[in-house]
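Let's walk through this fold together, moving from one helix outward to the sheets and then to a pair of helices.

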Amino acid sequence: MTRVLLLGGTTEASRLAAAFARDGVEAVFSYAGRTAAPVAQPLPIRVGGFGGAEGLAAWLRAEGISHVVDATHPFAAQMSRNAVAACAATGTALIALERRPWAAAPGDDWTHVADIETAAAALPETPERVFLAIGRQHLAAFAAKPQHHYLLRLVDPPEGALPLPDAEAVISRGPFGYDDDLELLRSRRITRLVTKNAGGEGARAKLDAARTLGLPVIVVDRPALPPRASVETVAEVLAWLHAERGV
Ligand SMILES: NC(=O)c1ccc[n+]([C@@H]2O[C@H](COP(=O)([O-])OP(=O)(O)OC[C@H]3O[C@@H](n4cnc5c(N)ncnc54)[C@H](OP(=O)(O)O)[C@@H]3O)[C@@H](O)[C@H]2O)c1
């Protein structure tokens with residue numbers, strides 16, 4: 001019997017959930033529980049961590065899961081590593097639905113860095129107005145550069161004080177469009193961007209807007225992951241599942 005665990009938290013995962021519901025695929029959708037009001041899904045939902053790779057392996061066995069689709073964000077590396085380990089331990093089929101990384105185009109001024117700490121170190125010493133488009137989890141690294149004004153874009157209002165002395169938080173959930181992002185950068189007189197290389201369409205408008213304005217961008221490259229089967233589209237996941245089921 002086919003029973004799928006869909007690890008979510010991205011637009012692509014929501015699209016895949018809609019396709020599973022349409023095709024009558026038996027599946028459970030899993031959220032980490034990071035946002036106050038996660039997007040509703042047309043599948044049964046579970047929320048919260050599994051308790052590491054071992055907890056996930058136990059959960060897969062208990063729930064009779066035959067296939068796992070890892071459609072988490074490319075920077076949710078711990079979850080993805082746990083999925084590889086738990087699927088190997090339980091003999092569960094695994095595929096990742098992974099967006100293609102963004103690539104610089106003519107006119108872009110990108111500096112690539114390996115991680116968030118290096119991104120903070122790469123900021124100049126003289127004060128600037130920085131759009132810090134990295135979510136809320138790793139803001140503290142930028143306390144090392146308190147001279148900058150930081151513009152943040154968060155899904156939920158921050159709980160408690162931000163770890164940055166001079167910051168404005170805009171509360172908004174993607175997808176984001178070019179005109180709005182251009183207006184955001186212009187109205188806040190942003191001089192530089194910091195972004196993770198998330199890939200996909202929903203968050204790339206800020207990079208197009210930065211190119212238009214000639215702004216430099218610090219791009220945090222994706223964390224390394226263990227080898228795993230990976231595709232880029234919902235259709236490819238469905239084809240994989242159908243092939244696995246022999247239908
Ligand atoms: N990182 C980003 O930039 C980013 C951006 C947009 C959306 N998201 C989404 O936000 C969620 C958390 O991201 P993260 O970067 O904090 O992940 P992470 O660092 O890889 O995960 C940390 C722990 O959170 C739990 N977890 C993560 N994703 C989960 C899921 N879909 N279902 C159940 N438990 C999950 C796991 O806990 P246990 O070890 O206890 O199982 C995991 O070990 C993910 O669903 C991701 O797709 C992340």
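In this predicted model, the buried residues of helix H6 are covered by a set of elements that includes strands E6 (110–113), E7 (129–133), E8 (149–154), E10 (192–196) and E11 (217–220), along with helix H5 (178–187). H6 itself spans residues 205–213, and its buried residues are Ala205, Lys206, Leu207, Ala209 and Ala210. Just after H6 comes Gly214, whose phi is positive, at about 70 degrees.

The strands around H6 lead us to an open sheet. It has 6 strands in the order E6-E11-E10-E7-E8-E9, paired in parallel. E6 and E9 (167–171) stand at the edges with a single partner strand each, so one side of each has no neighbour in the sheet. From one strand to the next, the twist averages 20 degrees. If you look at the E9 end, you will find E8 and E9 running parallel and joined by 5 bridges; in one of them, Arg153 is partnered by Val170 of E9. H5 lies across E7, E8, E9 and E10, and runs at about 155 degrees to E8. H6 also packs on this sheet, where it touches E6, E7, E8, E10 and E11, and its direction makes about 155 degrees with that of E10.

Now turn to the other open sheet. Here 6 strands follow the order E3-E2-E1-E4-E5-E12, and the pairing is parallel. At the edges stand E3 (45–47) and E12 (230–231), each with a single partner strand, so one side of each is left without a neighbour in the sheet. Strands E1 (residues 4–7) and E4 (residues 67–70) pair in the parallel sense over 4 bridges, and the bridge partner of Val4 in E4 is His67. Helix H2 (residues 52–63) packs on this sheet, touching E1, E2 (27–31), E3 and E4, with its direction at about 145 degrees to that of E1. Helix H3 (residues 77–90) packs on the sheet too; it touches E1, E4 and E5 (93–97), and its direction makes about 160 degrees with that of E5.

Finally, how do helices H1 and H7 meet? The axes of H1 (residues 11–23) and H7 (residues 234–245) come within 10 Å and cross at roughly 45 degrees, and the two helices are therefore oblique to each other. Their crossing is right-handed. On the H1 side, Glu12, Arg15, Leu16, Ala19, Phe20, Arg22 and Asp23 meet Val234, Val237, Leu238, Leu241 and His242 of H7. Sorted by class, this contact has 7 nonpolar, 1 polar and 4 charged residues.

Key: Residues are numbered from 1 along each chain as its sequence is written. This is a predicted model: local features need pLDDT of at least 70, side-chain atom pairs count only at pLDDT 80 or more; totals for chains, interfaces and linings use all residues. Side-chain values use heavy atoms; hydrogens and water are left out. Axes are lines fitted to C-alpha atoms, for helices over the stretch in contact, and angles run from 0 to 180 degrees between N-to-C directions. Angles under 35 degrees count as roughly parallel, over 145 as roughly antiparallel, 65 to 115 as roughly perpendicular and the rest as oblique. A crossing is left-handed if the near helix is turned anticlockwise from the far one by less than a right angle, and right-handed if clockwise. Contact means heavy atoms within 4.5 Å. Ala, Val, Leu, Ile, Met, Phe, Trp, Tyr, Cys and Pro count as nonpolar, Asp, Glu, Lys and Arg as charged, and the others, Gly among them, as polar. Buried means under 20% relative accessible area, exposed over 50%, partly exposed in between (1.4 Å probe, protein chains only). Two strands pair if DSSP finds at least two bridges between them.
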